[in-house]
Amino acid sequence: PAPTSEGAPPPFAICFSGSSLVEVEHKGSVKMADLALGDVVRVGNNNNKFEPVYSFGHKDSTSSAEFLRITTEGSSLEISPDHMVAIEGGRYVPASLVKKGDMLLTVVSEEEVAAVVTGIKKVVRKGVFAPFTASGSIVVNGIVASNYIAYQGSEYLRVGEMETPLSYQWIAHTFNSVHRLAVMFGITGETYSEGEEGVSHWVAMPHKMFSWLVEQNIVVSMSLIGLALPLFSLTWLIELLVSSPVVLAVVVGGVSLMTYKKSAKKNIL
C-alpha cells in the first residue's frame, strides 16, 4: 500500500487490518491483532473446519496501511490489494481484481454461500496481520480469504506475454509446504524483520526472490521455475504423506503390493 498520513506502511503487504475478526474455536470472534500462534481458526474450502495458526507472514500492530474495504450483502473485509480472496467457484483472486457485482464466498451458519459485492473503497487502518493455516485459507469477517498474495496483479503466473495455468494460490501453498513441514518436525520459532515491518523471515527473502523472478525474461523465468517446481512439489508430497496416515498407508500398501507381485512373477519364471 501507498504511504498514508497515519504512518508509513510496511514495504509490502500480505495482510488484513488489525480490527478484522476471525472465529477461534471455543472462543468465538477474536480481533486479528489479538490472534496468537496455535489459535484454532475457521478456514474455508466448504468443510466447516478449524485449523491452528502455524505462522504469521506479517504481524505488526504499530504500522498503518491502506486496505481495500470490500463490502458484501452481509459483511465487509479489509484486505491489502494483492492479498487473495475466494470468489464463487472456489478460485482465489487478488482483492484488487474484485469489482462490484462479483460474488465472494462467505460463511453463514457454518455453510459457505456466495454473496454479492456491494461496495469497495480504500481505508487506512492500524495493524497489519497475515496468519497462515495448513489449508492456505482463513475466514475473516465471515468472508473466505487466502493466506497469500498474488504477484503481477493476476490470478495466474504470467511469463512474458504468456499466462500459465499455475495459480498464485497453488504456487504459494506448494512453496509453503517447506515451512509447514518444518513446523511438523518441531521447528516452530517465529522471527520477524526489525523495526516496524513485522515481516516473517520465512516470507521476506522468498518474496524478494519471487519479485525479482517475475521481472526476468521468459528464458530466465522458465528455467528457474522449471527447477523449482519439482523440488517444491516433492516437499508438498512429503507433507501430504506425513500429515495424512490414510494416504501414507495407501502408498505403503501400494508399494508393498507392487513389490510382492514382482517377486512372485520372478519366482514363477
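Here are a few worked exercises on the predicted model shown above.

**Exercise 1. The chain as a whole**

Find out how many helices and strands the chain has, and what share of its residues is buried.

*Solution.* Start with the secondary structure: the chain holds five helices and 15 strands. Next, turn to burial. The chain has 269 residues, and 44% of them are buried. Then look at the surface, where the accessible area is about 13800 Å² and carbon and sulfur atoms account for 61% of that area. Finally, check the contacts along the sequence. Taking contacts between residues at least 6 apart, 62% link residues at least 24 apart.

**Exercise 2. A hairpin to trace by eye**

Work out in which sense β2 and β3 pair, and which residue of β3 is the bridge partner of Val22.

*Solution.* First, locate the two strands: β2 covers residues 21-24 and β3 covers residues 28-31. Their pairing is antiparallel, with four bridges. Now follow Val22 across to β3, where its bridge partner is Val30. Last, step into the turn. Three residues lie between the strands of this hairpin, and His26 has a positive phi near 70 degrees there.

**Exercise 3. Glu73 and its surroundings**

Decide whether Glu73 is buried or exposed, then list its contacts beyond its sequence neighbours.

*Solution.* Begin with the position: Glu73 sits in the loop that runs between β6 (55-72) and β7 (76-79). Then apply the cut-off. Exposed means over 50% relative accessible area. Glu73 reaches 58% relative accessibility, so it counts as exposed. Now look for partners, setting aside neighbours within four places in sequence: Glu73 touches Ala115, Val116 and Thr118. For a distance to try in your viewer, take Glu73 and Ala114. These residues are 41 apart along the chain, and their C-alpha atoms are 9.8 Å from each other.

**Exercise 4. Two residues in one loop**

Determine which exposure class Ser109 falls into, and which one Glu110 falls into.

*Solution.* Place the residues first. Ser109 is in the loop between β10 (103-108) and β11 (111-132), and Glu110 is also in the loop between β10 and β11. Next, compare each value with the limits: buried is under 20%, exposed is over 50%, and partly exposed lies in between. With 67% relative accessibility, Ser109 is therefore exposed. Glu110 has a relative accessible area of 48%, so it is partly exposed. To finish, check the backbone. Ser109 is not a glycine, yet its phi is positive, near 55 degrees. Glu110, not a glycine either, has a positive phi of about 70 degrees.

Definitions and conventions: Residues are numbered from 1 along each chain as its sequence is written. This is a predicted model: local features need pLDDT of at least 70, side-chain atom pairs count only at pLDDT 80 or more; totals for chains, interfaces and linings use all residues. Side-chain values use heavy atoms; hydrogens and water are left out. Buried means under 20% relative accessible area, exposed over 50%, partly exposed in between (1.4 Å probe, protein chains only). Contact means heavy atoms within 4.5 Å. Accessible areas come from the Shrake-Rupley method with a 1.4 Å probe; for residues, only the protein chains shown count as cover. Two strands pair if DSSP finds at least two bridges between them.
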